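This report walks through one protein chain, from its overall make-up to its strands, cores and two individual residues. Please keep the sequence and the model in view while reading.

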Amino acid sequence: MSGESVLIPDDRSFSSFKEECGSDEGWSLTYNKPGLTVLTQTIGGGDEEKSLHKLKCRMMCRDVSADTMYDVLHDIEYRRKWDANVIETFDIGKLTVNADVGYYSWKCPKPLRNRDVITLRSWLPMGTDFIIMNYSVKHSKYPPKKDMVRAVSIQTGYLIQNQGPTHCTLTYLAHVDPKGSLPKWVVNKSSQFLAPKAMKKISKACLKYGEWKQRHNPGIKPWLYPEQTTLPTIPLSELSIQHADSLENIDESTLREMQTREERDSD
């Protein structure tokens with residue numbers, strides 16, 4: 001998203017995102033197991049620690065419909081249940097019937113500081129496929145917090161492709177500036193351990209969603225039925241583009257990795 005004005009993505013933006021999800025030219029394969037691949041791309045040359053990295057994960061889900069995957073990725077109440085990395089997440093307000101603004105903070109691998117973002121999220125069904133994508137914005141009521149590093153989503157999102165009644169492909173594409181100089185082990189760990197683990201968690205969450213949703217407002221899905229939303233409307237004038245260079249740079253490049261017990265067991 002270029003320019004200074006906050007824009008709600010149009011059809012061309014969604015088509016461009018879908019095209020990038022499908023093309024692997026210029027990407028390096030860093031993880032390849034049956035049904036799940038992870039690719040990375042380094043943006044800009046120079047110092048590895050200061051380079052930006054794009055991440056692309058593609059997973060085949062044989063027991064999950066595209067509709068269920070779409071619901072799970074939207075359902076903020078359910079995310080709080082299955083996403084172990086989430087610290088806090090909430091919707092701030094709506095912009096249109098298929099765009100809103102929200103807050104998300106997550107745990108980073110120790111000893112890194114935790115990150116958070118404010119994003120403009122938009123979504124679009126495309127035939128039997130779906131796209132959910134976001135980029136970072138600023139809102140005066142939600143400035144950076146002292147105990148968090150405010151990251152910047154340049155463009156991040158999901159492409160869900162219908163492969164049959166109980167079968168879909170999920171592609172996760174992330175172009176994020178985590179703000180700061182990160183050690184190389186973080187990039188490697190993200191692509192080879194954290195990203196595959198996160199994708200598998202999403203797939204498992206989908207298998208349990210139907211039962212969970214039956215007990216938690218089964219008819220309420222504002223991402224499908226906009227008239228159900230209770231969010232206040234935010235005027236675009238309250239938002240501005242979140243530029244990475246306006247945020248504090250954190251140098252964590254010298255921090256050493258602290259393995260979790262789960263990672264040691266998987267080595």
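## Overall make-up

A residue is called buried under 20% relative accessible area, exposed over 50%, and partly exposed in between (1.4 Å probe, protein chains only). By that rule, 45% of the 267 residues of the protein chain are buried. The model is predicted: local features need pLDDT of at least 70, side-chain atom pairs count only at pLDDT 80 or more, and totals for chains, interfaces and linings use all residues. Residues are numbered from 1 along each chain as its sequence is written, and side-chain values use heavy atoms, with hydrogens and water left out.

The protein chain has 5 helices and 11 strands. These are DSSP runs numbered from the N terminus: helices are H or I with at least four residues, strands are E with at least two. Contact means heavy atoms within 4.5 Å. Of the contacts between residues at least 6 apart in sequence, 64% join residues at least 24 apart. The exposed area is about 14,000 Å², and carbon and sulfur atoms supply 50% of it. Such areas come from the Shrake-Rupley method with a 1.4 Å probe; for residues, only the protein chains shown count as cover.

## Strand 7 and its partners

Strand 7 spans residues 129–139. It is mostly covered, with 10 of its 11 residues buried. Strands pair if DSSP finds at least two bridges between them. Strand 6 (residues 115–126) runs antiparallel to strand 7, joined by 8 bridges. Here Trp-123 is partnered with Ile-132 of strand 7. The two strands form a hairpin with 2 residues between them, and Gly-127 in the turn has a positive phi of about 70°.

Strand 9 also pairs antiparallel with strand 7, over 5 bridges. Met-133 has Gly-157 of strand 9 as its bridge partner. Strand 11 (residues 239–241) is antiparallel to strand 7 too, through 3 bridges. There, His-139 is matched with Leu-239.

## Ser-136

Which strand holds Ser-136? Ser-136 sits in strand 7. It counts as buried because its relative accessibility is 2%. Its side chain reaches the backbone nitrogen of Ser-153 at 2.7 Å. Leaving out residues up to four places away in sequence, Ser-136 touches Val-117, Ile-118, Thr-119, Ala-151, Val-152, Ser-153, Ile-241 and Gln-242.

## Nonpolar cores

A nonpolar core is a set of buried Ala, Val, Leu, Ile, Met, Phe, Trp, Tyr and Cys residues joined through side-chain atoms within 4.5 Å. The largest has 31 residues; Met-69, Leu-73, Ile-160, Leu-170 and Ile-202 touch the most other members. Elements giving two or more residues to this core include helix 2, strand 7, strand 9 (152–162) and strand 10 (168–177). Helix 4 gives the most, with 7 residues.

Helix 2 (residues 66–74) is mostly covered: 7 of its 9 residues are buried. Among them are Met-69, Tyr-70 and Leu-73. Beyond its neighbours within four places in sequence, Leu-73 contacts Arg-79, Arg-121, Ile-132, Tyr-158, Ile-160, Leu-170 and Ile-202. Apart from the largest core lies another, of 13 residues, including Val-101, Ile-118, Leu-239 and Ile-241.

## Trp-27

Trp-27 lies in the loop between helix 1 (11–22) and strand 1 (28–33). It counts as buried because its relative accessibility is 11%. Excluding residues up to four places away in sequence, Trp-27 touches Glu-20, Leu-39, Thr-40, Gln-41, Lys-54, Leu-55, Lys-56 and Leu-173. Trp-27 and Thr-42 are 15 residues apart in sequence and 8.4 Å apart in space, C-alpha to C-alpha.

Key: A polar contact is a pair of N or O atoms within 3.5 Å; within protein, one must be able to donate a hydrogen and the other to accept it, and residues adjacent in sequence count only if both atoms are side-chain atoms.
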